[in-house]
Amino acid sequence: MTIYFDMDGTICNLYANPTWLAQLRAYDPTPYATAKPLVNMSRLARLIRTLQKQGHKVGVISWLSKCSTAEYDRKVTKAKNAWLNQHLPSVSFDEIHIVTYGTPKSTVATDKNGILFDDESNNRLEWNGNAYCEDRIFEILNKIKKENK
């Protein structure tokens with residue numbers, strides 16, 4: 001099974017920056033690069049590595065900015081990948097999909113029966129498998145870990 005994470009609003013606190021929207025509308029990728037984590041990243045990394053040792057795969061499916069150009073998309077993709085490398089350096093993701101805003105996330109997931117953590121309720125409703133809000137990350141991951149002992 002693959003466990004997928006959204007970034008913005010799920011593991012990454014993009015919206016805590018009071019000027020995030022104005023910056024995105026100005027094609028400034030800074031909010032993506034400077035966002036603080038929303039969860040304990042050391043704990044998350046340990047859990048992810050344990051789950052991968054148990055045979056699970058881990059991926060990211062995250063949207064680009066709603067306000068977009070091809071050049072800005074490249075900058076945002078670079079910023080999001082750098083954020084993951086900075087905050088989860090010990091994790092080797094099996095999949096990373098940074099996709100056009102509004103893309104149904106189930107359409108880019110390799111594992112159609114995987115699970116998704118996403119703060120956006122419409123993404124959870126659209127998902128084919130089990131989908132959870134961001135405040136259940138550790139609860140669900142620990143449950144999966146225990147089931148695979």
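Reader: Which strands does helix α6 lie across?

Author: Helix α6 (residues 137–147) lies across β1, β6 and β7, and it runs at about 155° to β6. Such angles run from 0 to 180 degrees between N-to-C directions, with axes fitted to C-alpha atoms, for helices over the stretch in contact. Helices and strands are DSSP runs numbered from the N terminus (H or I over at least four residues for a helix, E over at least two for a strand). Please keep in mind that this is a predicted model: local features need pLDDT of at least 70, side-chain atom pairs count only at pLDDT 80 or more, and totals for chains, interfaces and linings use all residues. Residues are numbered from 1 along each chain as its sequence is written, while side-chain values use heavy atoms, leaving out hydrogens and water.

Reader: What is the order of the five strands in the open sheet?

Author: The order is β5-β4-β1-β6-β7, with parallel pairing. At the edges are β5 (95–99) and β7 (131–132), each of which pairs on one side only.

Reader: How do you know that β1 and β6 pair, and how many bridges join them?

Author: Two strands pair if DSSP finds at least two bridges between them. Three bridges join β1 (residues 2–5) to β6 (residues 115–117), so the pair passes that test. Within it, Phe5 stands opposite Phe117, and Ile3 has Ile115 as its bridge partner.

Reader: How many bridges pair β1 with β4?

Author: There are four bridges between β1 and β4 (residues 57–63), in the parallel sense. Tyr4, for instance, has Gly59 in β4 as its bridge partner. On its way to the edge of the sheet, β4 also pairs with β5 over five bridges, again in the parallel sense, and there Trp63 stands opposite Val99.

Reader: Which residues point one way from β1, and which the other way?

Author: Thr2 and Tyr4 point one way, Ile3 and Phe5 the other, and all are buried. In a regular strand, side chains alternate between the two faces of the sheet.

Reader: Why does Val76 count as buried?

Author: Val76 sits in helix α4 (residues 70–87). Buried means under 20% relative accessible area, exposed over 50%, and partly exposed in between, using a 1.4 Å probe and protein chains only. Val76 has 0% relative accessibility, so it counts as buried. It touches Pro29, Tyr32 and Leu64, not counting residues up to four places away in sequence; contact here means heavy atoms within 4.5 Å. Tyr32 is 44 residues from Val76 in sequence, yet their C-alpha atoms are 6.9 Å apart.

Reader: Why does Thr100 count as exposed?

Author: Thr100 lies in the loop between β5 and β6. Its relative accessibility is 52%, over the 50% limit, so it counts as exposed. Leaving aside neighbours within four places in sequence, Thr100 is still in contact with Trp63 and Leu64.

Reader: Why is Ser90 called partly exposed?

Author: Its relative accessible area is 39%, so the value falls between the two limits. Ser90 is in the loop between α4 and β5 and, setting aside its neighbours within four places in sequence, is in contact with Ala45 and Arg49. Tyr27, in the loop between α1 and α2 (30–34), is likewise partly exposed, because its relative accessibility is 38%. Tyr27 also has a positive phi of about 60° although it is not a glycine.

Reader: Why is β5 largely enclosed by the rest of the structure?

Author: Four of the five residues of β5 are buried, so the description fits.

Reader: How many of the residues that line the largest pocket are nonpolar?

Author: The lining has 10 nonpolar, two polar and seven charged residues. Nonpolar covers Ala, Val, Leu, Ile, Met, Phe, Trp, Tyr, Cys and Pro; charged covers Asp, Glu, Lys and Arg; the others, Gly among them, are polar. The space in this pocket is about 320 Å³, and Tyr15, Trp20, Trp63, Leu64 and Tyr101 are the closest to its centre of the 19 lining residues. Helix α1 (residues 20–25) gives the most to the lining, with three residues.

Reader: What makes an open space a pocket?

Author: On a 1 Å grid over the protein atoms alone, a pocket is an open set of points with protein on both sides within 12 Å along at least five of seven lines, whereas a cavity is a set where a 1.4 Å probe fits but cannot get out; lining residues have an atom within 4 Å of a point. Grid points are joined across faces, edges and corners, and the volume is the space filled by probe spheres set on them.
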